[in-house]
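The exercises below are meant to be worked through slowly, with the sequence and the 3D view side by side. Try each task before reading the solution that follows.

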Amino acid sequence: QVQLVESGGGLVQPGGSLRLSCAASGSIFSINAMGWYRQAPGKERELVAVITSGGSTNYADSAKGRFTISRDNAKNTVYLQMNSLKPEDTAVYYCNVKGRHTFGSAMDAWGKGTLVIVSS
């Protein structure tokens with residue numbers, strides 16, 4: 001089993017910043033990609049940003065220029081620095097980790113989510 005522990009969500013005013021963290025542990029042999037998704041009320045879950053083990057990144061258009069994803073491979077941890085937050089960024093943010101378990105099978109794990117509310 002893989003456990004993902006997310007932290008860093010909360011209430012922030014428009015224009016403010018938050019930093020999300022997600023630490024993965026458990027039966028992990030290798031991690032290929034770590035990412036953040038979000039789901040706003042009444043909407044489908046969508047990709048925010050993803051980073052590969054080699055450091056390549058991909059961002060949703062809505063995140064480009066404002067959010068930065070990074071990872072600490074030694075700690076199996078991924079971060080999402082969110083700046084210039086807007087009310088439309090309000091959502092539950094989910095961490096996702098893809099790779100392989102120690103017993104060989106493919107791994108596609110999700111965190112429980114952390115709520116981000118951008119409001120004045």
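**Exercise 1.** Which residue is the bridge partner of Ser7 in β3?

Solution. Keep in mind from the start that this is a predicted model. Begin with the two strands concerned: β1 and β3, the latter covering residues 18-26, run antiparallel and are joined by 6 bridges. Within this pairing, the partner of Ser7 in β3 is Ser21. In general, the strands of a sheet pair through backbone hydrogen bonds, and they may do so either in parallel or in antiparallel fashion.

**Exercise 2.** In what order do the 4 strands of the open sheet lie, and which are the edge strands?

Solution. Going across the open sheet, one meets its 4 strands in the order β1-β3-β8-β7, with antiparallel pairing. Each edge strand pairs on one side only, and the two edges are β1, residues 2-7, and β7, residues 67-72. As a last step, consider the angle between neighbours: if direction is ignored, neighbouring strands of this sheet are turned by 15° against each other on average.

**Exercise 3.** Find the salt bridge of Arg66, and explain why the pair ties together parts that are apart in sequence.

Solution. Side chains of opposite charge can pair when their charged atoms come close. The partner of Arg66 is Asp89, and the two side chains meet in a salt bridge with 2.7 Å from N to O. Arg66 lies in the loop between β6 and β7, whereas Asp89 lies in the loop between β8 and β9, so the pair ties together parts that are 23 residues apart in sequence. Next, check the accessibility, for which residues under 20% relative accessible area count as buried: Arg66 is buried at 11%, and Asp89 is buried at 1%. Salt bridges that share partners join these two residues with Arg38 and Glu46 into one network.

**Exercise 4.** Is each partner in the salt bridge of Glu46 with Arg38 buried or partly exposed?

Solution. First identify the contact, in which the closest N and O atoms of Glu46 and Arg38 are 2.8 Å apart. Glu46 has 35% relative accessibility and therefore counts as partly exposed, while Arg38, with a relative accessible area of 7%, is buried.

**Exercise 5.** Over which rings does Arg45 lie?

Solution. Look at Tyr94, where the charged end of Arg45 sits over the ring at 3.7 Å from its centre. Then turn to Trp110, since Arg45 also lies over the face of this residue, at 4.7 Å from the ring centre.

Key. Residues are numbered from 1 along each chain as its sequence is written. This is a predicted model: local features need pLDDT of at least 70, side-chain atom pairs count only at pLDDT 80 or more; totals for chains, interfaces and linings use all residues. Side-chain values use heavy atoms; hydrogens and water are left out. A charge sits over a ring if NZ of Lys or CZ of Arg is within 6 Å of the ring centre and within 35 degrees of the ring normal. Two strands pair if DSSP finds at least two bridges between them. Axes are lines fitted to C-alpha atoms, for helices over the stretch in contact, and angles run from 0 to 180 degrees between N-to-C directions. A salt bridge is a side-chain nitrogen of Lys or Arg within 4 Å of a carboxyl oxygen of Asp or Glu. Buried means under 20% relative accessible area, exposed over 50%, partly exposed in between (1.4 Å probe, protein chains only).
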